[in-house]
Amino acid sequence: MATSKLAITSLAAHIRPFTCSVASQPSRLAPHPPDLVRWIKREGGFVHHAVKLSQDTPFGIGLISTEQIAQGTDLISLPPHVPLRFRSDETAPSPLLAALARRVPGNLAHRRELWAMKLGLRLLQERANADSFWWPYISNLPETYTVPIFFPGEDIKNLQYAPLLHQQVNKRCRFLLDFEREIRQTLEDVKASDHPFSGQDVNASALGWTMSAVSTRAFRLHGNRKVRGGSSDHVLMMLPLIDMCNHSFSPNVKIIQEQDGSDSNTLVKVVAETQVKENDPLLLNYGCLSNDFFLLDYGFVIESNPYDTIELKYDEGLLDAASMAAGVASPKFSSPAPWQHQLLSQLNLAGKMPNLKVTIGGQDTVEGRLLAAIRILLSGELVEVEKHDLETLKSLSSTAPLGIANEIAAFRTVIALCVIALSHFPTKIMEDEGILKQGVSDTAELSIKYRIQKKSMIIDVMKDLTRRVKLLSAQETPSAS
């Protein structure tokens, strides 16, 4: 945790003009920002008369309907010049800005964790420009964000989940600190007239603010140019007002991008996907994401998230220990036969460059590669395994492909893995709930809710697999008699 604490202290140490920290009730960048709806209408956009910006939604600031709205109704439309975007081939508004953006690792297509910074640099440039066209939008953005890179060190530690801490939070904080130094070196001798940020000091706090602003609000839309095969490229854009729709896995509105030229004055619009009742919030689906991404990129946690997972390392010794704890006699995970090793290589769990990260939870309950590996390694019969392709062995819906005894042993092994995973959390759910009842800071509350959901998800997987074991055991008993 030393790296996290160092990074967070550095991010929180800077002050205006560019600053960001965590506050219980984030204010807007401007004390009295311009009317965003009026600005969009003035620029040729459309906002339905029943759409209102409210501070009192269940999710904080968001959009609500002031009357019942019929399904299919257009609610918001933005003309092409209103969204804020940054294209990698764009030299305007500043060649220096484009050069800095090229130094940002990662890309949108593969959802790398730093993808937001490219557009973030453009946003920061417009924030520094007193005459920016987008100031009516930018001034309405939050001054602070409740994302882990701005948590106090203790609240980062209290997430209790190593993959999030070491692979994401620390990595993002370290990037921000390193990128701060790189920007300062690049801009050290730049003339004031060429400075992409109007001469303002760009520190790690400012970079954290802009990366958070983009990650919480940007949308991936089709660009204007064509790529190989005739399809459009994808461009990250910030969509004023539209980005104030909050998240739901059961949304009542959707985004439609105009691509057929039917309306040259509309780039993107929001349409009522279902009937919207009076005083209902307007809700979009941000994506089928785990709580890791919701917390890192949006600053909230979804209770009973059906897409949440935990990450484990495929470790042969750990699997041997889990199988023995589950009562499996003489497991062979640490000493697979040559034919088993070959199948593990096909699953990318062995060989020269294996991917040893596997998951439990989510829509699959058990990642297919992990389930197939356990089924194969608990089976000593090549003839039986060869009867099935790998896709069948990876599927939880494939009922006992290698026999009931093998399936029961596989499920019990995964249940034991879950027990081991739970043991890595220092606190139990009841303790966490007790801490919440005592009253804690907003960031501490987020950390505790996050780890509660991780533990709850693991327990749900254990319950599901235990139910399956009981059903299989009931089938096995008559055949043995």
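## Exercises on strands, helices and single residues

Gly361 stands opposite Thr365 in β14, and this pair is a good place to start. The model is predicted, so that local features need pLDDT of at least 70 and side-chain atom pairs count only at pLDDT 80 or more, while totals for chains, interfaces and linings use all residues. Residues are numbered from 1 along each chain as its sequence is written, and side-chain values use heavy atoms, with hydrogens and water left out.

**Exercise A.** Work out in which order the strands of the open sheet containing β14 are arranged, and which of them stand at its edges.

*Solution.* Begin with strand β13 (residues 357-361), which pairs with β14 in the antiparallel sense over two bridges; strands are DSSP runs of E with at least two residues, helices are runs of H or I with at least four, and both are numbered from the N terminus. Two strands pair if DSSP finds at least two bridges between them. Next, widen the view to the three strands of this open sheet, whose order is β12-β13-β14 with antiparallel pairing. Finally, look at the edges, where β12 (309-313) and β14 (365-366) each have a single partner strand, so one side of each is left without a neighbour in the sheet.

**Exercise B.** Describe how helix α12 is placed with respect to β13, β14 and helix α11.

*Solution.* Start from the strands: helix α12 (residues 368-377) lies across β13 and β14, and runs at about 100° to β13. Then turn to helix α11 (residues 338-346), whose axis comes within 10 Å of that of α12 and crosses that axis at roughly 175°. Axes are lines fitted to C-alpha atoms, for helices over the stretch in contact, and angles run from 0 to 180 degrees between N-to-C directions. The two helices, α11 and α12, are therefore roughly antiparallel to each other (angles under 35 degrees count as roughly parallel, over 145 as roughly antiparallel, 65 to 115 as roughly perpendicular and the rest as oblique). To find the residues of this contact (heavy atoms within 4.5 Å), follow Trp339, Gln340, Leu343 and Leu344 in α11, which meet Ala373, Ile376 and Leu377 in α12. Sorted by class, the residues of the contact of α11 with α12 are six nonpolar, one polar and no charged (Ala, Val, Leu, Ile, Met, Phe, Trp, Tyr, Cys and Pro count as nonpolar, Asp, Glu, Lys and Arg as charged, and the others, Gly among them, as polar).

**Exercise C.** At what angle do helices α7 and α8 pack, and which residues of α7 meet which residues of α8?

*Solution.* Helix α7 (residues 162-187) and helix α8 (residues 204-217) have axes 9 Å apart and pack at an angle of about 120°, and α7 and α8 are therefore oblique to each other. On the side of α7, Arg172, Phe175, Leu176, Leu177, Phe179, Glu180 and Ile183 take part, and they meet Ala204, Leu207, Gly208 and Met211 in α8. Classified as before, the contact of α7 with α8 has eight nonpolar, one polar and two charged residues.

**Exercise D.** Is Ser77 buried or exposed, and which residues does Ser77 touch?

*Solution.* Place the residue in its strand, β4, which spans residues 74-78 and pairs with β1 in the antiparallel sense over two bridges. In that pairing, Val47 stands opposite Ile76 in β4. The open sheet to which they belong has four strands in the order β1-β4-β10-β9. With a relative accessible area of 12%, Ser77 is buried (buried means under 20% relative accessible area, exposed over 50%, partly exposed in between, with a 1.4 Å probe and protein chains only). Not counting residues up to four places away in sequence, Ser77 touches Ile40, Gly45, Phe46, Thr266, Val268 and Lys269.

**Exercise E.** Asn279 and Ala400 both have a positive phi; decide for each whether the residue is buried or exposed.

*Solution.* Most residues other than glycine have a negative phi. Phi of Asn279 is near 70°, and Asn279 sits in the loop between β10 (268-272) and β11, where a relative accessible area of 52% makes Asn279 exposed. Phi of Ala400 is near 45°, and Ala400 belongs to the loop between α14 (390-394) and α15 (404-423), but at 15% relative accessibility Ala400 counts as buried.
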